[in-house]
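Me: Please take a close look at one helix of this protein, and set it against the rest of the chain. Give cut-offs for the terms as they come up.

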Amino acid sequence: MCSRMLHSYHDTGHVLTALRPLPQLMSPSEGTYKVDAAITASQTAQAQGPVPDLALHTLGWKSFQDLCAQICEECLKQTVSIYREARDGGQDAVFLVRSQDGAAPSSTGTVQCKFSTDPRRRLLVSDLTEEKKSVAELVAAGQAHTYYFMTNMGIDAPVAAGLRQDLFELGVREPHVLGREWITQKIRESSRLRALVPRIYGLGDLSVILDERRAAQTRALLGHLMPALRVYVPTAAHRHAVRILSEHGIVLLLGAPATGKSTLAAILATIALDGDRHRCFQVDGPAELLDHWNPHEPGGFYWIDDAFGPNQLREDYVDQWIAQMNKVKAAITSGNRFVLTSRSHIWYAAKVKLATRNHPRLGDGRAVVDVGALSPEERSQMLYNHIKGGSQSKEWIRQVKPYLVDLAAETTLLPEIARRLGDRHYTAQLTCFPEDLRRFVGEPMEYLKETISELNDSQRAALTLIFLYRSRLPSDFEHADLWNLVEDRYGVSRVQIGDALNQLKDTFVVQKSRARYGHSHIRPLPMPSRRSSANAPTWSSST
């Protein structure tokens, strides 16, 4: 168990290199540094004295529950399963943990997470009184051989000793009482823990968590994203990306615009700030990798946004990746790490062209994460955070509250749309509930127009054909006049349109059966119905 308390912090130095400007690099009082150059520090940073407190009371019950779960996995090396989830009304979260011999969670131990919004409150022995019956039941069921009591409240040594004694008398063989001071130390020790629960970075002055140099580097990486971390929801995709990066040294973050790819990439980059002389590079495209790296030098973290093109596939990017993929593999073997982001349809087009010259973990999908794949629970928490932390009035929130559960069930609810729902400037025209709310989430026209405008000609031609066929596009070129019209209008061939349909699959276009596809977000134009052959494969709409 990671229970050792350290009251001093020592670090030997890091380097952060930005190949394009990073915002809010350092305040004038912290020194003078330049962007587009290496950030170095020759002196040793050291924090003396007791570990300072973090504003853990501002996390909220759900974020604190997530933090405790990740502490169990990262520090205690215990995989948890939820036995009782925390609630806004004050109910504590309870987890079940596995035994060291791999037995089922139900036969081992329990973690109780107790959260308080009072920053001055300290735990009392009496705080366990109402839990004694529950603890006794867990012991009788064989689920409390080990019992971790975790809280964001401060704990005095005599109180901790008293609680451990009470738990022992109830039948717990290994009682542990872990409070704010212990949790703060774990946060300071582990960059991986901070990456898994990035809400931590929004708790206040980063120098409380990190030494001054690391705090400056983290501000450079996260920059304008810091306020957004207050409402950020770590998803299963987020945690999967952290683990893939650790296991394979490379991860590709996929998703539509506004799904949070770049935010997650920035959070992953903070992992690189631990260790001696680590360097983080944010580069524009694969060409810059050749100009600024030594693939045989360890410790590099390379972050490439829009790795295969920002709005459309760039053929030169594909060629550059093919030319240097073996170097990327060698760099990973030497201890370097890579985070790439891409829109899904661009990656699907690039993957075909990369073929066997692709990185094997990208080719088989084991290092690819769909950032936009959210569970109903994740969408619900995301919506809750944005509305609670946004600028909406209490009256507006009261009016929409009855409809939020159904709204969170909409698969079209993206992080950006949730953010806009929390901003009164975006919702001034919403007056008829719940109809206006559903349209706001299900038919975000301005967002959709921006996205479609960034597609290439063959991709827009493919969508146009689906519209013209009322979302039932046959692949046997029935009604050749429509194909000819679209080909002439966009200046593309049928082969290019066919390639585009495959590129857009599962993003703009969904397959409802073996050979029926359609646009997943836009309603078809109200045109007269056209009958197609009964056996002809078609592209059809999911709406």
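Reply: What follows starts with helix α3 and then moves outward to the cores, the backbone and the confidence values.

The model is predicted, so local features need pLDDT of at least 70 and side-chain atom pairs count only at pLDDT 80 or more, while totals for chains, interfaces and linings use all residues. Residues are numbered from 1 along each chain as its sequence is written, and side-chain values use heavy atoms, with hydrogens and water left out.

Helix α3 covers residues 157–169, which is 13 residues. Helices here are DSSP runs of H or I with at least four residues, strands are runs of E with at least two, and both are numbered from the N terminus. From first C-alpha to last, α3 reaches 19 Å, close to the 18 Å expected at 1.5 Å a residue; the expected span is 1.5 Å times one less than the number of residues.

Val-159, Ala-160, Leu-163, Asp-166 and Leu-167 of α3 are buried. Seen down the axis of α3, these buried residues fall within an arc of 125°, so they line one face of the helix. The arc is taken over the directions from the helix axis to the C-beta atoms. An α-helix has 3.6 residues a turn, so residues three or four places apart point the same way. On the face of α3 turned away from the buried side are the exposed residues Ala-157, Pro-158 and Glu-169. Buried means under 20% relative accessible area, exposed means over 50%, and partly exposed lies in between (1.4 Å probe, protein chains only).

The buried residues of α3 pack against α2 (132–140), β8 (146–151) and β9 (174–178). A contact means heavy atoms within 4.5 Å. After α3 comes Gly-171, with a positive phi near 115°.

As for the whole, the protein has 21 helices and 18 strands, and buried residues make up 52% of its 543 residues. Among contacts with a separation of 6 or more, 71% are between residues 24 or more positions apart.

The largest nonpolar core has 78 residues, of which Leu-67, Leu-253, Leu-268, Phe-308, Trp-321 and Phe-338 touch the most other members. Its largest share, seven residues, comes from helix α1 (residues 61–74). A nonpolar core is a set of buried Ala, Val, Leu, Ile, Met, Phe, Trp, Tyr and Cys residues joined through side-chain atoms within 4.5 Å. Not counting residues up to four places away in sequence, Leu-268 touches Ala-241, Val-242, Leu-245, Val-251, Leu-253, Phe-301 and Val-339. Apart from this core lies another, of 20 residues, including Val-233 and Leu-430.

Some backbone details remain. Most residues other than glycine have a negative phi, and most peptide bonds are trans. Ala-258, in the loop between β10 and α8 (261–269), has a positive phi near 70° and is partly exposed at 29% relative accessible area. Asp-306, in the loop between β12 (300–304) and α10 (315–333), has a positive phi near 50°. The peptide bond from Phe-433 to Pro-434 is cis, with omega near 5°.

Confidence is given by pLDDT, the predictor's confidence in each residue, from 0 to 100. The protein averages 75, and 69% of the residues score at least 70. By element, confidence is lowest in strand β1 (residues 9–11), at a mean of 26, and highest in strand β10 (residues 250–254), at 96. Over residues 512–543 pLDDT stays under 50.
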